[in-house]
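Biologist: I've got this one open on my screen and would like to walk through it with you. Can we take it piece by piece?

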Amino acid sequence: MSMQSINPATGQIIQSFPIWQAVEINAVLKQVESAQTEWASLGFAQRSGLMRNLAQLFRQRSEEYANLITEEMGKLLKEARAEIEKCALGCEHYANQAESYLRDEIIASDASRSLVVYQPLGIVLCIMPWNFPFWQLIRAAAPAMMAGNAVVLKHASNVPRCALALEDAFHQAGFPEHVFRTLMIGAEQAQAVIADRRIAAVTLTGSSAAGRKVAAIAGQHLKKCVLELGGSDPFIVLDDADIESTAKQALVARLQNMGQSCIAAKRFILIDTIADAFVAQLKMLFSQLQIGDPKHMDTGIAPMAREDLRTELHAQVERSLASGAKLVFGGNVIGAQGAYYAPTILDQVQPGMAAFDEELFGPVVAIVRVKNAEEAIQLANRTQFGLGGSVWTRDTMLGEALARQIHAGSTFVNGIVKSDPRLPFGGIKESGYGRELSYHGIREFVNIKTVWIK
């Protein structure tokens with residue numbers, strides 16, 4: 001069996017890679033186990049220097065890595081460049097902040113001296129998705145490694161070249177051999193790796209279904225896990241919002257990475273009085289987008305990552321229309337080759353329809369009309385997901401009050417939901433648990449140990 005790297009813009013196979021067998025997996029885990037012990041003994045200054053080297057490498061080889069991302073999963077080249085820059089910023093953040101995030105805490109108690117120390121757990125398995133093939137890994141690995149853990153990566157099967165490029169990047173940046181390794185394995189083999197005694201913890205970014213499987217295996221073996229799963233983020237537009245500028249932000253919020261993002265806005269909840277104007281503005285913006293090669297700067301419509309994902313998305317659109325949603329724009333496959341799908345607007349979406357109840361992982365806008373802000377919040381929270389959400393209004397005090405009522409890990413007022421190394425990131429309900437980024441993220445994969453001295 002093999003993993004194939006397929007260009008989603010053309011459907012052509014770029015390269016194939018054999019899937020490892022148990023002997024190869026065992027050999028690598030043995031090497032990583034040994035490397036982790038030495039890595040944990042290094043001071044923060046040494047680890048930080050290497051993490052800064054990695055940041056510099058990302059910037060030096062940005063064009064190479066960005067082109068690789070675009071070729072393998074279809075992202076617009078300009079978005080791929082931004083992803084690599086974000087990786088550099090993430091590495092620099094933890095190079096600069098890890099020591100302060102993990103500094104010993106002196107706590108007054110009945111001891112002569114008592115303190116809390118943060119120590120590495122060992123090897124962290126990162127199970128990562130294809131949609132942000134570099135950033136998703138870095139946002140998990142940078143804090144875990146700065147804390148003294150080693151990392152092994154099980155990447156999505158459709159981005160094997162990105163997975164190997166990441167391993168090479170750590171090597172080129174001067175990290176000790178085997179402290180970061182890529183495992184060329186499939187989903188079935190990942191179960192055995194989670195169970196392996198040498199794996200101390202696991203972090204997954206992926207679907208809710210995958211999260212349940214990983215959580216079950218990790219729970220069976222009493223291993224810590226962090227899950228960043230799907231989302232159906234509400235994008236609430238109040239009647240005092242600037243329609244023109246908000247619609248422009250809505251286009252980016254929905255079509256970033258061709259809508260293939262957990263934190264992309266998916267349910268657009270509009271106050272009735274401005275709904276028609278907002279939909280008209282969004283339709284106009286969608287009509288101006290050009291389909292083309294994702295490497296061309298004037299391209300606005302890139303392919304989806306795989307044809308099967310496009311087929312699944314179109315089926316969700318068809319089911320929504322059959323349930324009473326109204327097609328405003330798009331709703332069809334486009335292009336003579338590749339996995340292209342037309343940016344789509346569905347209006348009159350209600351609970352019970354696929355476009356409301358399910359995650360639409362592609363360029364489809366679900367328009368939900370409500371009478372007032374209270375009803376907007378009720379529908380925003382009427383979902384099994386809880387990753388992000390946003391509120392758009394000129395009244396920022398009201399916006400904050402409503403943002404506090406949205407059941408999600410992140411809520412933004414007059415801004416697109418995004419991850420930021422300085423702020424914790426994660427979800428609730430079926431969007432997962434645990435946090436990445438900030439000091440919250442680096443403390444997920446450490447032993448928070450009490451030391452008591454009399």
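Biologist: Is Glu64 buried, partly exposed or exposed?

Modeller: Keep in mind that this is a predicted model. Buried would need under 20% relative accessible area, and exposed over 50%. Glu64 comes out at 46%, so the label is partly exposed.

Biologist: Which residue does Glu64 meet in a salt bridge?

Modeller: Generally, side chains of opposite charge can pair when their charged atoms come close. Here the N to O distance is 2.8 Å. The partner of Glu64 is Arg61.

Biologist: Arg61 also forms a salt bridge with Asp168. How many residues apart in sequence are the parts that this pair ties together?

Modeller: The closest N and O atoms of Arg61 and Asp168 are 3.5 Å apart, and Asp168 is partly exposed at 28%. Arg61 lies in the loop between α2 (44–60) and α3 (62–73), while Asp168 belongs to helix α6 (residues 160–172), so the parts tied together are apart in sequence by 107 residues.

Biologist: Which residue forms a salt bridge with Glu167?

Modeller: Glu167 sits in helix α6, and its partner is in strand β7 (residues 180–182), 14 residues apart from it. That partner counts as buried, with 14% relative accessibility. The closest N and O atoms are 3.2 Å apart, and the residue is Arg181.

Biologist: How many salt bridges does the structure hold?

Modeller: Some link up into a network, such as the one with Arg59, Glu85 and Glu92. For the structure, the number of salt bridges is 24.

Biologist: Let's move to the sheets. In the six-strand sheet, which strands stand at the edges?

Modeller: The order is β7-β6-β5-β8-β9-β17, the sheet is open and the pairing is mixed. An edge strand has a single partner, so one side is left without a neighbour in the sheet; that applies to β7 and β17 (432–433).

Biologist: Which residue of β17 stands opposite Leu227?

Modeller: Strand β9 (residues 224–228) and β17 run antiparallel and are joined by two bridges. Opposite Leu227 in β17 you find Tyr433.

Biologist: What angle does helix α5 make with β6?

Modeller: Helix α5 (residues 135–146) packs on this sheet, where it touches β5 (123–127), β6 (150–154), β7, β8 (199–205) and β9. Comparing its direction with that of β6 gives about 160°.

Biologist: And in the three-strand sheet, which residue is the bridge partner of Val117?

Modeller: That open sheet has the order β3-β4-β18 with antiparallel pairing. β3 (105–106) and β18 (446–453) are at its edges, each with a single partner strand, so each has one side without a neighbour in the sheet. Strand β4 (residues 113–120) pairs with β18 over eight bridges. The β18 partner of Val117 is Lys449.

Biologist: Is Gly389 buried or exposed?

Modeller: Gly389 has its place in strand β15 (residues 388–392). Setting aside residues up to four places away in sequence, Gly389 touches Asp233, Pro234, Ser410, Thr411, Phe412 and Val417. Its relative accessible area is 0%, so Gly389 is buried.

Biologist: What distance separates the C-alpha atoms of Gly389 and Arg267?

Modeller: Along the chain the two are 122 residues apart. In space, their C-alpha atoms are separated by 9.4 Å.

Biologist: Now the largest pocket: which element gives the largest share of its lining?

Modeller: The space in this pocket is about 1200 Å³. It has 43 lining residues, and the closest to its centre are Trp130, Gly206, Ser207, Ala210 and Arg306. β1 (2–6), α7 (187–195), β8, α8 (208–220) and α11 (307–322) each supply at least two lining residues. The largest share, six residues, comes from α8.

Biologist: What is the phi of Gln348 near?

Modeller: Gln348 lies in the loop between β13 (344–347) and α12 (354–357), and is partly exposed at 35%. Its phi has a positive value in a residue other than glycine, near 60°.

Biologist: Is Leu437 buried or exposed?

Modeller: Leu437 is in the loop between β17 and α15 (438–442), and its phi is positive as well, near 70°. With a relative accessibility of 1%, Leu437 counts as buried.

Terms used
Residues are numbered from 1 along each chain as its sequence is written. This is a predicted model: local features need pLDDT of at least 70, side-chain atom pairs count only at pLDDT 80 or more; totals for chains, interfaces and linings use all residues. Side-chain values use heavy atoms; hydrogens and water are left out. Two strands pair if DSSP finds at least two bridges between them. Helices (H or I, at least four residues) and strands (E, at least two) are DSSP runs, numbered from the N terminus. Buried means under 20% relative accessible area, exposed over 50%, partly exposed in between (1.4 Å probe, protein chains only). Contact means heavy atoms within 4.5 Å. A salt bridge is a side-chain nitrogen of Lys or Arg within 4 Å of a carboxyl oxygen of Asp or Glu. Axes are lines fitted to C-alpha atoms, for helices over the stretch in contact, and angles run from 0 to 180 degrees between N-to-C directions. On a 1 Å grid over the protein atoms alone, a cavity is a set of points where a 1.4 Å probe fits but cannot get out, and a pocket is an open set with protein on both sides within 12 Å along at least five of seven lines; lining residues have an atom within 4 Å of a point. Grid points are joined across faces, edges and corners, and a volume is the space filled by probe spheres set on the points.
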